[in-house]
Amino acid sequence: MAYRITLIPGDGIGPEVVTATQDVVSAAGVAVDWEVHHAGIEVAKLTGSPLPLPVIDAVRKNRVALKGPVTTPIGGGFRSVNVTLRQTLDLYANVRPIRSLPNVEPRFDVDMVIVRENTEGLYAGLELMILPGVAQSIKLTTERSSTRIAEFAFRYAKQHGRSKVTIVHKANIMKLSDGLALDCARRVAVRHPEVHLGEMIVDAAAMTMVRDPNKLGVLVTENLYGDILSDLGAGLVGGLGIVPGANIGDEAAVFEAVHGSAPDIAGKGYANPTALVQSAVMMLRHLGEHEAGDRIERALTEVYRSGQVRTRDLGGTASTGDFTRALCAAIERPRAEA
Ligand code: NAD
């Protein structure tokens with residue numbers, strides 16, 4: 001029976017990498033009935049909302065979605081569709097594995113995971129002009145969210161055979177908000193004595209990610225630090241074309257790349273679909289389709305190892321279509337041949 005999965009193509013390079021990813025999932029032999037829903041600026045022009053209610057309802061109903069990036073206007077305009085979707089559906093854990101692929105510069109051997117609190121912090125949307133010329137953003141930190149994200153990180157570490165969780169904070173300066181998050185994480189850590197606990201201030205964590213990323217293991221942190229450190233992590237493994245992500249809640253999960261809509265290359269046909277393909281691998285494993293996920297991952301490794309087909313972000317000349325065809329062929333090749 002086919003899985004029914006909500007598909008949000010997004011905008012910019014979204015539809016290009018989404019189509020590629022659908023082909024890859026199909027090559028892996030997983031039958032999916034994609035329920036397509038649109039969000040973003042074009043939808044806002046038609047309906048008045050960039051994230052109409054039927055999109056949210058569809059994710060809630062199907063419980064799983066694959067999503068392309070959606071552009072957010074800067075310094076005004078509508079609120080981020082991405083943030084709104086995560087908050088509305090309470091997709092509280094943003095999981096971003098940072099893992100090197102063969103033959104991709106810079107050649108560090110990185111294998112770490114960022115678990116980012118996805119619903120509050122400075123993304124709570126609590127901003128106001130308190131006086132002319134004085135703006136205020138409120139960083140919201142609650143005991144409930146800080147505890148559940150830490151609990152998620154420790155459980156994730158155990159389920160994925162990782163021995164260390166590092167809590168990243170700035171509690172030396174934000175003694176109340178980051179202090180609360182740190183206290184909660186320490187309390188959670190006591191319940192998981194088999195996982196080694198690390199603590200690091202966010203600026204030191206940024207430096208450590210560059211010099212010795214694997215030392216951090218599973219890094220758990222609040223919303224903004226997690227967002228910034230994810231892009232730093234992408235830089236360590238070849239760029240934003242590589243790094244996948246999952247937004248997980250108790251009711252639903254939305255899988256999307258770390259990267260945005262890349263307006264500078266949109267419509268040109270050379271976006272790298274790897275990040276969304278790897279997000280789809282996370283989605284397949286979430287659905288229990290481990291064999292298909294493993295097949296795609298093996299084929300990706302194979303294509304990168306061969307070094308013959310690579311997209312422009314990684315110094316090659318392949319189009320999105322060339323890369324996708326090579327990947328699908330590697331997935332479909334019998335294993336002995338691959
Ligand atoms: P971006 O990630 O879109 O692009 C940054 C750089 O990385 C660009 O040079 C781009 O060409 C390159 N890049 C990104 N993905 C790539 C890929 N798959 N293949 C090859 N090159 C790739 O970041 P930005 O330019 O800061 O943001 C553009 C828009 O995307 C903004 O409106 C932002 O709000 C939005 N955004 C959305 C999401 C999301 O939907 N989850 C995430 C981040 C940013």
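**The ligand site, the largest cavity and some individual residues**

Student: How far does a polar side-chain atom of Asp264 lie from an oxygen atom of the ligand?

Tutor: Asp264 uses a polar side-chain atom here, paired with an oxygen atom of the ligand. This is a predicted model, in which local features need pLDDT of at least 70 and side-chain atom pairs count only at pLDDT 80 or more, while totals for chains, interfaces and linings use all residues. Residues are numbered from 1 along each chain as its sequence is written, and side-chain values use heavy atoms, with hydrogens and water left out. A polar contact is a pair of N or O atoms within 3.5 Å (within protein, one must be able to donate a hydrogen and the other to accept it, and residues adjacent in sequence count only if both atoms are side-chain atoms), and for Asp264 the distance to the ligand oxygen is 2.8 Å.

Student: How much of the area that the ligand exposes when taken alone does the protein bury?

Tutor: Start with the ligand on its own, which exposes 810 Å² (accessible areas come from the Shrake-Rupley method with a 1.4 Å probe, and for residues only the protein chains shown count as cover). The share of that area buried by the protein is 71%.

Student: Which residue has a side-chain N or O atom 3.1 Å from a nitrogen atom of the ligand?

Tutor: Two pairs are worth looking at together. A backbone N or O atom of Thr72 lies 2.9 Å from an oxygen atom of the ligand. The pair with a ligand nitrogen atom, at 3.1 Å, uses the side chain of Glu256.

Student: How many residues surround the ligand?

Tutor: A residue counts as near the ligand if one of its heavy atoms lies within 4 Å of it. Val70, Gly260, Ala262, Asp264 and Asn272 are the closest. By class, the shell has 9 nonpolar, 8 polar and 5 charged residues (Ala, Val, Leu, Ile, Met, Phe, Trp, Tyr, Cys and Pro count as nonpolar, Asp, Glu, Lys and Arg as charged, and the others, Gly among them, as polar). The number of residues around the ligand is 22.

Student: Where is Ala262, which has a positive phi although it is not a glycine?

Tutor: The phi of Ala262 is about 45 degrees. Helices (H or I, at least four residues) and strands (E, at least two) are DSSP runs numbered from the N terminus. On that numbering, Ala262 is in the loop between β12 (253–255) and α9 (274–286).

Student: How much space lies in the largest cavity?

Tutor: A cavity is a set of points, on a 1 Å grid over the protein atoms alone, where a 1.4 Å probe fits but cannot get out; lining residues have an atom within 4 Å of a point. Grid points are joined across faces, edges and corners, and a volume is the space filled by probe spheres set on the points. A search of the whole structure finds 1 cavity of 30 Å³ or more. The space in the largest cavity is about 210 Å³.

Student: Which element supplies the largest share of the lining of the largest cavity?

Tutor: The lining has 21 residues, with Ser146, Ile149, Ala181, Thr221 and Glu222 nearest the centre. By class, 10 are nonpolar, 6 polar and 5 charged. At least two residues each come from α5 (143–159), β8 (164–169), α6 (177–190) and β10 (218–221). The largest share, 5 residues, belongs to α6.

Student: Is Asn82 buried or exposed?

Tutor: Asn82 is in helix α4 (residues 81–88), and its side chain makes a polar contact of 2.6 Å with the side chain of Lys67. Buried means under 20% relative accessible area, exposed over 50%, and partly exposed in between (1.4 Å probe, protein chains only). Because its relative accessible area is 12%, Asn82 is buried.

Student: Which peptide bond is cis, with omega near -5 degrees?

Tutor: Look at the loop between β4 (93–99) and β5 (111–117), where Pro106 has its place. Arg107 lies in that loop too, and counts as exposed because its relative accessibility is 56%. The cis bond runs from Glu105 to Pro106.

Student: What is the phi of Arg63?

Tutor: Arg63 is in the loop between α3 (53–62) and β3 (64–67). Because its relative accessibility is 43%, Arg63 counts as partly exposed. Its phi is positive in a residue other than glycine, with a value near 70 degrees.

Technical notes. 1 Å grid on protein atoms, 1.4 Å probe; cavity = no way out; pocket = protein on both sides within 12 Å on 5 of 7 lines; lining within 4 Å.
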